[in-house]
Each structure stands twice: as structure tokens, then as C-alpha cells.
Amino acid sequence: MTVAHIVSKRVEETLAPVYPLMELLAPAARQPVVSDEQVSFFFDNGYLVLPKLFTENEVEAVKEAVDRAWADRSIYNNLTISAYTGTPKYIETYLRNCEPAARQFQHKLNHLYLYDARVLDLLMADKLQNALAQLLDATPLLFNGLNMEHGTEQRMHIDTFYMPPRTFGKMAATWLALEDIHPDSGPLSYYSKSNRIAPYKFSHGGIWAIPDEMPAFDAYYDQELARRGLKQEGFCPKKGDVFIWHAQLYHGGGKIHNRALSRRSMVNHFWTVEDYPEQAIEVRLGKFVLRNQHMFVSPVFVDRPQLHGENSEDK
């Protein structure tokens, strides 16, 4: 067993359940956070905005956690990163392996809630969990986290390309603004009501993407967007605002017009405990995350990349 695996095991042990899982699965009263009208808006339009859901102090705690993670070069920092995305230097590795300069380029820092308890507390807060429970009509299961400091310019896509839930539609994502977002920074972009387009089925019969078949998907979606008169929109929120989107919302990263601007945000994805009871671990009373061994690992992940100045022949 590698040191990294030992650290990962220790992280999971710190999240070990205190309460029996089946107790949670019994119906439980939750304080409503969103109105019936907001629930209807979510399903009609594919998203819902909750202004100022998180306070200044809560947002600052997340930003401090990011700073601490970047500064932590110890073996106990088990966070991973997609660094230098969109460039020839792109790499998937441990954050501790990344040179500090990588922070100035587009990147995605993964699963910050596994590193900092304050971030986990924020994501397990009733005001977010109860809203998600209403929209999913089930118990939210946090399974993914991405922290970004720059616009991604990611192509328009549907999250179920990559992580379709076991039950169609039983997934939602949250986008928390960690600062006021400028329209020139490459804001989150989306097509309102695109969640109502009939899903495209790839040749395997499912909705997870096959790269070679994306041109056919694009042709189908372009036609549907035009037929319905749907237009691309941008989300330029204030610090603390949360954008929740439906599993089938067509969205991506807007064009960056000023690369001097940051776009600090945190994205998290949620399935439901009812769909994945055997993969869920209870971390707060009635609040769940996906067990570490079930978390996605990039097929191109590099445990220890060759550092500048190293000669592979010397190893």
C-alpha cells in the first residue's frame, strides 16, 4: 500500500459514519428552503439562483482553505488537480506536486471538502442540503467538488456526459460565487430550458458521451436549440450567490475577454443516497458524501510527474 493510499484511508476514517445509514433513509422532516414556485422554476428552466445563500465569512473560509491547500506541500495533502487545462502542459496529479505558478493558469482543484472541515460544513449546511433535497425529492449525496480561480472556457456540455446518475434526472450541481463575477471573466454560460430537450442517446443506448459521436450530438442539439428559440445566457453573480442546475442543463464556460480577471468559484455535484446507498458515507447527521473508493480518478492521472531538471534516465 502506497503512502498516498494510507493517507486516503485516513481521510475516509475521519469521515466515518456515526449513525446507521438506514435510519436516514426513513422519511425525515426537512425545513423547506425553496418555495413551490421556485421548485417549478427549476424544472421549467433547468436552474435556480439563491442570492446570498452563503455569508461573507463562509465564503472567506472557502478561499482560505484554497490558499492553505496550495501552500501545503506535505504528504497529508491528498487533494488532486487538473492543472494547466487547455494547454500543452495539462496534467492530472496531486496538488502537492504542482508548482505554485500553476495557480495562475486555468485549473480545477478537486474535492476541497475532503481537505478542510469548514468547506464540508458549508456543503452540509441545512440551507443548501434542504434546498437540494427539495429539488431532487431525495437525500443529496455529495460526490464531486471543483474549485476554480479562472474562467474555464469549457465547451457547452451536459453533466450526464460524464457522470450520469442511476436514476435519470436524480443529479444536481451547485455553483458558488467566491467573489463578484465580471462578465469579461468568462462567466458560467447556459441555455435556459435546455433541460427539457429529449436526451441524445449515443450508440450504446445511454446518455454518457462517446467522444467520436459528439459531432452528431452537436448537430442534434444545435437543431433543438434553434427550433425552441433558446439563447445562451451568462451568470454574473455576487459573492455568496449560488446557482443550482438540473442534470440535463446545457452549460459551459463563457469566453474570457480579460485574462487579468479572476473568476473564483466552487462547483459541487450531488447524486442521491437512494440511488447509491452502498457508496454513501454519513459525515454529519443525515448528510452524506460518496466513499473515497468510489470517487472518479482520471485515467491520465500521474502520481509523481517528472519535475523540472529531473532526468528520467537517472531513476
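Visitor: Which residue in β3 stands opposite Ala-83?

Guide: In this predicted model, Ala-83 has Ile-91 of β3 standing opposite. The strands concerned are β2, residues 80-83, and β3, residues 91-94, which run antiparallel and are joined by four bridges.

Visitor: What makes β2 and β3 count as paired strands?

Guide: A pair requires at least two bridges between the strands, and β2 and β3 have four bridges, so by this criterion they are paired.

Visitor: How do you know that β3 and β14 pair, and in which sense do they run?

Guide: Strand β14, residues 301-302, is joined to β3 by two bridges, and since the criterion asks for at least two, the requirement is met. These two strands run parallel, and Glu-92 has Phe-301 of β14 as its bridge partner.

Visitor: Why are β8 and β10 said to stand at the edges of their sheet?

Guide: The sheet in question is an open one of three strands, ordered β8-β7-β10 and paired antiparallel. β8 (232-235) and β10 (251-253) each have a single partner strand, so one side of each is left without a neighbour in the sheet. From one strand to the next, the twist averages 30 degrees. Between β7, residues 188-191, and β8 there are four bridges in the antiparallel sense, and Leu-188 stands opposite Phe-235 in β8.

Visitor: Why are α4 and α5 called oblique to each other?

Guide: Helix α4 (residues 56-71) and helix α5 (residues 117-124) pack at an angle of about 140 degrees, their axes being 9 Å apart. Roughly antiparallel would need an angle over 145, and roughly perpendicular one of 65 to 115; about 140 degrees fits neither range, and the helices are therefore oblique. Their crossing is left-handed.

Visitor: What makes up the contact of α4 with α5, by class?

Guide: From α4, the residues Glu-58, Ala-61, Val-62, Glu-64 and Ala-65 meet Arg-118, Val-119 and Leu-122 of α5. By class, this contact has five nonpolar and three charged residues, with no polar ones.

Visitor: How confident is the predictor, judged by the mean pLDDT of the protein?

Guide: The mean pLDDT is 90, and 88% of the residues reach 70 or more. Over residues 1-14, however, pLDDT stays under 50, and for this stretch the model has 17 contacts beyond four places in sequence. Residues 308-315 also have pLDDT below 50, and their stretch has nine contacts in the model beyond near neighbours in sequence. As local features need pLDDT of at least 70, neither stretch qualifies for a description of that kind.

Conventions
Residues are numbered from 1 along each chain as its sequence is written. This is a predicted model: local features need pLDDT of at least 70, side-chain atom pairs count only at pLDDT 80 or more; totals for chains, interfaces and linings use all residues. Side-chain values use heavy atoms; hydrogens and water are left out. Axes are lines fitted to C-alpha atoms, for helices over the stretch in contact, and angles run from 0 to 180 degrees between N-to-C directions. Angles under 35 degrees count as roughly parallel, over 145 as roughly antiparallel, 65 to 115 as roughly perpendicular and the rest as oblique. A crossing is left-handed if the near helix is turned anticlockwise from the far one by less than a right angle, and right-handed if clockwise. Contact means heavy atoms within 4.5 Å. Ala, Val, Leu, Ile, Met, Phe, Trp, Tyr, Cys and Pro count as nonpolar, Asp, Glu, Lys and Arg as charged, and the others, Gly among them, as polar. pLDDT is the predictor's confidence in each residue, from 0 to 100.
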